[in-house]
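Please open the model in your viewer and keep the selection panel at hand, as this tour goes from one selection to the next.

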Amino acid sequence: MDNGVSAGSTASTSTLGNIALGLTLLAFGIGHTGVIDGVTAASSVSLAMYVGGVALFLLGLLEFRGGNGSNGTAFAGLGIFWFTWAKGAGAAASGDAAGTFLVLFALLALTLTVAAASGLFGQGVYALLTLSLVLLAIAAFTDNGGLAKAGGWVAAVSGLLAWYGATAALANWPMAVGKTGRGAVAAS
């Protein structure tokens with residue numbers, strides 16, 4: 001592609017990236033909760049590989065190309081996480097290996113939380129993702145199903161938050177609460 005040709009708006013790739021992240025986190029989280037009979041985390045492998053992995057990674061590259069290093073890092077890094085998780089799902093790995101994998105990507109999520117360019121809203125998505133990965137890591141280390149379910153619920157809430165952010169961007173819904181000139185609280 002010629003450098004003079006636009007790769008697309010970073011606003012549109014950011015929105016699509018947040019939709020991909022939201023849907024993947026929601027499916028992954030619901031699978032860990034066991035709230036739907038017969039649906040497990042393994043049920044989200046295809047979605048995680050192609051939407052969370054491949055699509056999110058490619059959107060990260062487009063964000064980099066468009067000059068948005070923050071979203072580029074987030075989407076490409078999380079795309080690597082989802083693709084790797086999907087490829088390893090169902091493989092015979094020890095709880096320690098799975099826990100270590102989750103801790104390493106919890107560190108990425110923590111970095112994204114601290115550096116979120118989209119402010120408190122983005123920090124909320126990445127903070128919940130961090131918490132989810134930490135809970136799932138501890139659950140893997142200790143073989144604790146209750147912590148895995150808790151991690152799944154946190155991942156699902158993070159996914160809903162990311163999905164809401166993308167939907168709000170498309171529909172011009174409020175994403176922040178601020179004060180108006182008259183002292184009343186209004187969504188902005």
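A word on residue classes is needed before the stops: Ala, Val, Leu, Ile, Met, Phe, Trp, Tyr, Cys and Pro count as nonpolar, Asp, Glu, Lys and Arg count as charged, and the others, Gly among them, count as polar. Please also bear in mind throughout that what you have on screen is a predicted model.

**First stop: the second largest pocket**

Begin by selecting Ser-14, Asn-18, Asn-71, Ser-118 and Gly-122, which lie nearest the centre of the second largest pocket, out of the 22 residues that line it. The volume of this second largest pocket is about 320 Å³, and its lining takes at least two residues from each of α1, α3, α4, α5 and α6. When the lining of the second largest pocket is divided by the classes given above, there are 13 nonpolar and nine polar residues, with no charged ones.

**Second stop: the largest pocket**

Next, select His-32, Trp-85, Ala-98, Leu-102 and Ala-140, the closest to the centre of the largest pocket among the 24 residues that line it. The space in this largest pocket amounts to about 600 Å³. To see which helices surround it, colour α1 (10-33), α3, α4, α5 (120-142) and α6 (145-171), since each of them supplies at least two residues of the lining. Which helix gives the most to the lining of the largest pocket? The answer is α4, with four residues. By class, the lining of the largest pocket consists of 15 nonpolar residues, eight polar residues and one charged residue.

**Third stop: α3 beside α4**

Now show helix α3 (residues 69-88) together with helix α4 (residues 95-115), whose axes come within 11 Å and cross at roughly 165°. Because of that angle, α3 is roughly antiparallel to α4, and α3 passes α4 in a left-handed crossing. To display the contact, select Ser-70, Thr-73, Ala-74, Gly-77, Leu-78, Ile-80, Phe-81, Thr-84 and Trp-85 on the α3 side, and then Phe-101, Leu-102, Phe-105, Leu-108, Leu-112 and Ala-115 on the α4 side, which they meet. The contact of α3 with α4 comprises eleven nonpolar and four polar residues, and no charged residues.

**Fourth stop: α2 beside α3**

Keep α3 in view and add helix α2 (residues 45-65), which packs with α3 at an angle of about 155°, the two axes being 7 Å apart. How do α2 and α3 run, roughly parallel or roughly antiparallel to each other? Angles over 145 degrees count as roughly antiparallel, and α2 and α3 are therefore roughly antiparallel to each other. The crossing in which α2 passes α3 is left-handed, and the contact of α2 with α3 holds 16 nonpolar, eight polar and two charged residues.

**Last stop: α3 and α5**

Finally, hide α2 and bring up α5 with α3, where the axes come within 14 Å and cross at roughly 25°. That angle makes α3 roughly parallel to α5, and the crossing of α3 and α5 is left-handed. Select Ala-74, Phe-75, Leu-78 and Phe-81 of α3, and with them Tyr-126, Leu-129 and Leu-133 of α5, because these are the residues that make the contact of α3 with α5. The contact of α3 with α5 has seven nonpolar residues, with no polar and no charged residues.

Technical notes: Residues are numbered from 1 along each chain as its sequence is written. This is a predicted model: local features need pLDDT of at least 70, side-chain atom pairs count only at pLDDT 80 or more; totals for chains, interfaces and linings use all residues. Side-chain values use heavy atoms; hydrogens and water are left out. Axes are lines fitted to C-alpha atoms, for helices over the stretch in contact, and angles run from 0 to 180 degrees between N-to-C directions. Angles under 35 degrees count as roughly parallel, over 145 as roughly antiparallel, 65 to 115 as roughly perpendicular and the rest as oblique. A crossing is left-handed if the near helix is turned anticlockwise from the far one by less than a right angle, and right-handed if clockwise. Contact means heavy atoms within 4.5 Å. On a 1 Å grid over the protein atoms alone, a cavity is a set of points where a 1.4 Å probe fits but cannot get out, and a pocket is an open set with protein on both sides within 12 Å along at least five of seven lines; lining residues have an atom within 4 Å of a point. Grid points are joined across faces, edges and corners, and a volume is the space filled by probe spheres set on the points.
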